[in-house]
Amino acid sequence: MKKVLVTGANGQLGNCIKEAAKEFSEIDFRFVDKNALNITNATQVATFFEHHSFDFCINTAAYTQVEKAESDPENAFLVNAEGVKNLAEACYKHHIILLHISTDYVFDGNKSTPYVETDKTNPINVYGASKLKGEEYIQETCKKYFIIRTSWLYSQFGHNFFKSILKLAKEKDTLTITTDQRGSPTNANDLANFLLTIITSETSSYGVYHFSNKGNATWFDFAEEIVSSSKDLKLVKIVKTDNYPTFAKRPKYSVLSIEKLQKTFHYNISEWRESLRNSINNI
């Protein structure tokens with residue numbers, strides 16, 4: 001039986017992996033949160049891995065507050081870069097395969113066609129820069145790793161755009177949503193299932209991959225679909241705006257190409273609207 005460590009277990013993706021794990025009885029999971037394993041503490045990480053045996057480590061622990069990172073770069077890099085370095089070194093030492101979650105924000109958004117894994121990275125905010133540094137540490141340290149870049153994650157867990165729209169649509173008659181960015185809304189439950197599929201497939205096709213639901217949208221499109229797919233929210237009016245000021249710069253176009261992943265793993269990924277409707281039905 002494969003032994004799998006999941007860090008950041010109380011976050012959005014960590015909770016989705018807990019749900020997905022129910023269908024993978026052939027895997028022995030160990031879920032840890034920050035209190036059980038603080039990845040930024042190199043000594044604690046080293047000691048933890050000395051005392052526990054794993055075949056895989058899925059790292060979902062991350063500093064994800066894009067806006068706050070601009071005024072708090074030290075902590076963003078501590079978690080997203082130095083913490084990842086600690087995990088990478090422990091995984092390399094103990095011959096553990098590392099699955100790490102990265103982001104579309106490693107790109108600058110200046111393309112108009114989907115980003116492939118070999119495109120030049122050029123983050124335009126602190127969050128993206130910190131995540132890219134984590135990627136670099138893994139590639140410098142490990143031989144057996146999967147870096148999975150994803151985008152616009154949402155689910156029934158944690159704080160995300162999907163849950164915010166569901167909440168605001170019950171409180172307000174009108175929502176103003178930006179059309180200024182285009183990406184691929186991605187159901188974190190779909191990503192969780194893919195990560196566990198990698199483990200059970202026993203593949204050795206290591207490297208960097210992009211995972212998102214098929215298709216793309218603006219935040220306005222995403223909000224409109226959330227509302228129209230929810231039976232009790234259809235009276236809410238959604239208004240477009242192309243000017244939504246934020247402290248952190250965001251890539252205007254961050255659609256990821258999933259062609260490499262689909263070809264390598266022969267994995268079918270749902271279209272984003274279909275996956276969204278499944279989430280709403282489940283809630």
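Begin by selecting Leu261, which is buried, with a relative accessible area of 0%; here buried means under 20% relative accessible area and exposed means over 50%, with partly exposed in between, for a 1.4 Å probe and protein chains only. The model on screen is predicted: local features need pLDDT of at least 70 and side-chain atom pairs count only at pLDDT 80 or more, whereas totals for chains, interfaces and linings use all residues. Residue numbers run from 1 along each chain as its sequence is written, and side-chain values use heavy atoms, with hydrogens and water left out.

**Around Leu261**

Leu261 belongs to helix α9, where the element names follow DSSP runs numbered from the N terminus, helices being H or I runs of at least four residues and strands E runs of at least two. Add Tyr209 to the selection: the two residues are 52 apart in sequence, yet their C-alpha atoms are 5.9 Å apart in space. Leaving aside residues up to four places away in sequence, Leu261 touches Phe194, Tyr209, His210, Phe211, His266, Tyr267 and Ile269, a contact being heavy atoms within 4.5 Å.

From that list, move to His266, which sits in the loop between α9 and α10 (272-282). Unlike Leu261, which is buried, His266 counts as exposed, at 71% relative accessibility. Its backbone also merits a look, since phi of His266 is near 50°, a positive value in a residue other than glycine. Most residues other than glycine have a negative phi.

**A second positive phi**

Select Trp152 next, in the loop between β5 and β6. Phi of Trp152 is near 45°, again a positive value in a residue other than glycine. Is Trp152 buried or exposed? Trp152 is buried, with a relative accessible area of 8%.

**The whole chain**

Zoom out and colour by secondary structure to see ten helices and twelve strands. The C-alpha atoms fill a box of roughly 55 × 40 × 35 Å along the principal axes. A compact globule of 283 residues would have a radius of gyration near 19 Å, and the protein, at 19 Å, agrees; the radius is taken over C-alpha atoms, and the globule rule is 2.2 Å times the number of residues to the power 0.38. Buried residues account for 52% of the 283. Of the contacts between residues at least 6 apart in sequence, 82% join residues at least 24 apart.

**The largest nonpolar core**

Now select Leu13, Ile17, Phe29, Ile58, Leu99, Ile148 and Leu195, the residues with the most contacts inside the largest nonpolar core, which has 33 residues. Such a core is a set of buried Ala, Val, Leu, Ile, Met, Phe, Trp, Tyr and Cys residues joined through side-chain atoms within 4.5 Å. Elements giving two or more residues to this core include β1 (2-7), α1 (12-21), β5 (145-150) and α9 (259-265), and the largest share, eight residues, comes from α7.

Centre the view on Leu13, which touches Thr60, Ile101, Ala188, Leu191, Ala192 and Leu195, not counting residues up to four places away in sequence. A second, separate core has 22 residues, including Leu37, Ala61, Cys142 and Tyr145.

**Helix α1**

Staying with Leu13, show the whole of α1: eight of its ten residues are buried, so the helix is largely enclosed by the rest of the structure. Those buried residues are Gln12, Leu13, Gly14, Asn15, Cys16, Ile17, Ala20 and Ala21. What covers the buried residues of α1? Display β1, β2, β3, β4, β6 (153-154) and α7, which are among the elements that do so.

**Two last stops on helices**

Go to Gly134 in helix α5 (residues 126-141), a buried residue with a relative accessible area of 0%. Outside the residues up to four places away in sequence, Gly134 touches Asn80, Ala81 and Val84. Ala88 is 46 residues from Gly134 in sequence, with a C-alpha to C-alpha distance of 9.2 Å.

Finish at Cys91 in helix α4 (residues 73-93), which counts as buried at 1% relative accessibility. Beyond residues up to four places away in sequence, Cys91 touches Phe49, Cys57, Ile96 and Leu98. Measuring from Cys91 to Cys57 in the viewer should give a C-alpha separation of 7.6 Å, for residues 34 apart along the chain.
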